[in-house]
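Biologist: I would like to go through this model with you. Shall we start with the backbone and then turn to the ligand?

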Amino acid sequence: AAPAVSLSPEQPLRVDAILCGLERYRPRRRGWSYRGQSDDGPAQFPYAQTGRSLKRSVPLQAAQYFADIDPQPDCVITAEIASGRFEDDLRRMRMAAWHGADHIMVIRTLGQSHYDGLLEGTPEGVGGVPITRKQLRASRRTLDLIEDEVGRPINLHSYVSGLAGAEMAVLFAEEGVNGAHQDCQYNILYRNINPVRSVVDAFEAKRVLADADILQVDGAHNANSTALKAWNIFPELMVQHALNCVMSECAGMRRDRIALSTVPPTAPPAPKIALDLPYAIALRYLFEGFAFRAQQNTRYSTTNGLETSVLHVLDTMISRLTGVDIQSTVAADEARHVPWHAASVAAVSATKQVLVGLDGLSGMVRFDEQVTGPRVRDLIARSVLMFEDILAIGGYFDALEAGFFVDSAMYPERNGDGIRRFRAGGVGVDTVVPRNPGYSAPVCSHFGRNTGPGKEGSRDEPTTRCRGCTLCDDSLVRYVDELDEDDNVTRRLARKHAEEQDVIRPEAEHQADGLVTVSMFVPLPASRADAAALKLAERMNLRDPRIVDRVVLHPGEGVQFELVGHTMAEVRQSELPPVRVASSAPTSPEAVRTSLSPLGIRVVGATLGNDEHSVGLQEITNIKHQGLEWFGVTCAVVGTSVPVEMLIEQAVQQEATAVLASLVVSHHDIHRVMMSKLNDMAVARGVRDRFLLIAGGPQVTDDLARQCGLDAGFGRRTRGVEVARFILDSVTTRQRVASSR
Ligand SMILES: Cc1ncc(COP(=O)(O)O)c(/C=N/CC[C@H](N)C(=O)O)c1O
């Protein structure tokens, strides 16, 4: 068996450990995992559509006000990963999983659809990663570890399309891939692969996917992203879904593994919900029993992250209104460059936020049949008419030649600008030959055979003559490590290790690439602002600066820019302050109280200078908020806008253990000034060592407070138990040091 690999939540993933013994790794399960509904959501609120909570995760930022709960929607959430280097993809999968993704879709390198065979090894890709056995195996092995870390199954997804589609399907079945795109219409319309070849390969591939329990996603979303006028594509989308569903059922797939890839086609400024919602209703009506994989709109996503995020909120609301099994997310930066991890994670987190925020919506609203009915019926009538006309013209291949598909008018209206494909054309033409009577399929999952792998009574016995079926006998799976001695992960890791391990650089596309994003407002008329923005970026020492988004705030007043560029800035880990040893103090409030209350601790507190905001200090001290008083600490709140001298005088007179300085206002760095003054005054009075000096406030950080000479600083979301723990830790440490002298 492959050597065990461990993953520690506080440590980065070790890619070399994943690669070690990879030739012996075998997937621990096969097939697709849905989340399903569960009552084991957070107890604080009644949820109607949540699944099991995770063991570890990163909750929404607002969770700080709700005891850090992180409810998980009942549908699967997909994250798209695309760095071009699979070793970087592995780290991004982990980030996405902690934010709520349990379906990892890795974009393929450009043009892989035209390779009539499988790639091996780990060459670097363009726009995505070359899908190879080694890449899949390392990804699946890593996802096993991440599953254990977050406590939920995670589906690995890839693409069965192109000239090597059937072989890809077998590779996925062998390597434990859980989901895959498969739709011959994609090959034909968008990769110009010969229609006959594409249909034959599709049936072969679908048979394999069915036997391996791999969920299939169709390719209808591509018609939406290709259409000239996406608001006219509705009827055709339903026809494309229907064609692929019929083929998939013929090939033996179950309906809950046939996922319609449905994208709400339009975007504001169009009246999106009025146009897209009836279509979503019609789909759920026509395709009952199938799975719905709702994709977020890419056709009208722009370079502006905020605008695209709002578009995706609307898409996700349609999912909640009409039902969704798999909610796919698209990084809001996808219109600018390949999805960066920060944007992929933001897309997952925002989608989780919307799905949880709209929990139960579908149970509260009913569509007014008078309003939506006519539009739903119209769309269904148009799609049925299109289907009938395809049959009337002679069938699918004739319709392709007549340019039925991706025409910019709404069927039956036509503009005559559809994509035309020919039986006798495209890549792979004339590569389909009649099956020889003695044909010997390499695997049992072979379309045309009347049983699946390992079942009795198959029409022909091909696998007895060849080596045997790798889907029935896992030991027959052959593993190829690398084919290119230079373009591979080992060389890339070696180059990275050759650099100072100590050196840290910012990254976006892949590790240590130095890519950063800068936002700036340039006060020039829009016609001249771009040149100035690029010059300013260069003056900031950004190499190859590029404008990735611009918002004209006013044509004459100026433009807000987002630029990306490479910074040469780097920091050595040795330059960073030592990581403080984790406190040995108990963590639960009860345990802290048991240890702290007998010590007779007294604190004095105040909001300093001209600061009147005392709510935070009350929350930290008052027993009603499980403040320090709850832990047996005697708290004297001196008042608000208290001079530093007075607070120190009170601490001396009351023989306080600690001084709490609350500082909310941070304008012109006044909080920093007051913290330094507190320390300096205590030193000047010769009493600095008598008590702990602790600051708190929304802009206060522990590092900042310590830089000002204090003992600790507490920022947003601090609760009484954390301050209590710090005091306990400090007092017991001082007692230990005193007793050891
Ligand atoms: C049906 C189908 N087959 C294969 C491919 C990939 O095929 P190439 O390797 O030739 O790009 C795609 C691509 N879709 C992109 C994923 C999309 N962003 C999504 O979320 O669905 C596809 O839709």
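Biologist: Where is Pro412 found?

Modeller: This is a predicted model. Pro412 does not sit in a helix here; its place is a loop. That loop runs between helix 14 (396–401) and helix 15 (462–465).

Biologist: What is the omega of the peptide bond from Tyr411 to Pro412?

Modeller: The bond leading from Tyr411 into Pro412 is cis. Its omega is near 5 degrees.

Biologist: Which loop holds Pro269, and what is omega for the bond from Pro268?

Modeller: Pro269 lies in the loop between strand 8 (258–262) and helix 9 (272–286). The peptide bond from Pro268 to Pro269 is cis. Omega there is near 20 degrees.

Biologist: What is the phi of Ala67?

Modeller: Ala67 belongs to the loop between strand 1 (50–51) and strand 2 (72–73). Its phi is positive, and the residue is not glycine. The value is near 55 degrees.

Biologist: Now the ligand. How many residues surround it, and how do they divide by class?

Modeller: The shell has 14 residues. The closest are Arg108, Ser113, Arg191, Arg293 and Gln295. By class, the shell divides into 3 nonpolar, 7 polar and 4 charged.

Biologist: Which helices each supply at least two residues of that shell?

Modeller: Two helices meet that mark. They are helix 5 (184–191) and helix 7 (221–226).

Biologist: What are the distances from ligand oxygen atoms to the side chains of Tyr186, Arg191 and Gln295?

Modeller: For Tyr186, an N or O atom of the side chain is 3.0 Å from a ligand oxygen. For Arg191, a polar side-chain atom lies 2.7 Å from one. For Gln295, the distance from a polar side-chain atom to a ligand oxygen is 2.6 Å.

Biologist: What share of the ligand's exposed area does the protein bury?

Modeller: Taken alone, the ligand exposes 540 Å². The share of that area buried by the protein is 90%.

Biologist: Helix 5 also packs on helix 8. Why do the two count as oblique?

Modeller: Helix 8 covers residues 234–250, and the two axes are 9 Å apart. The packing angle is about 135 degrees. Angles over 145 count as roughly antiparallel and 65 to 115 as roughly perpendicular, so an angle outside these and not under 35 degrees is oblique. Helix 5 and helix 8 are therefore oblique.

Biologist: Which residues meet there, and what are their classes?

Modeller: Helix 5 brings Cys184, Gln185, Leu189 and Tyr190. Helix 8 brings Gln240, Leu243, Asn244 and Met247. The contact has 5 nonpolar, 3 polar and no charged residues.

How values were computed: Residues numbered from 1 in each chain as written. Predicted model: local features only at pLDDT ≥ 70, side-chain atom pairs only at ≥ 80, totals over all residues. Heavy atoms only, no water. Near = heavy atom within 4 Å. Polar contact = N/O pair within 3.5 Å; in protein donor to acceptor, adjacent residues only side chain to side chain. Areas by Shrake-Rupley, 256 points an atom, 1.4 Å probe, with all protein chains shown as cover. Helix = DSSP H or I, 4+ residues; strand = E, 2+ residues; numbered from the N terminus. Nonpolar A, V, L, I, M, F, W, Y, C, P; charged D, E, K, R; others polar. Axes fitted to C-alpha atoms, helices over the stretch in contact; angles between N-to-C directions. Contact = heavy atoms within 4.5 Å.
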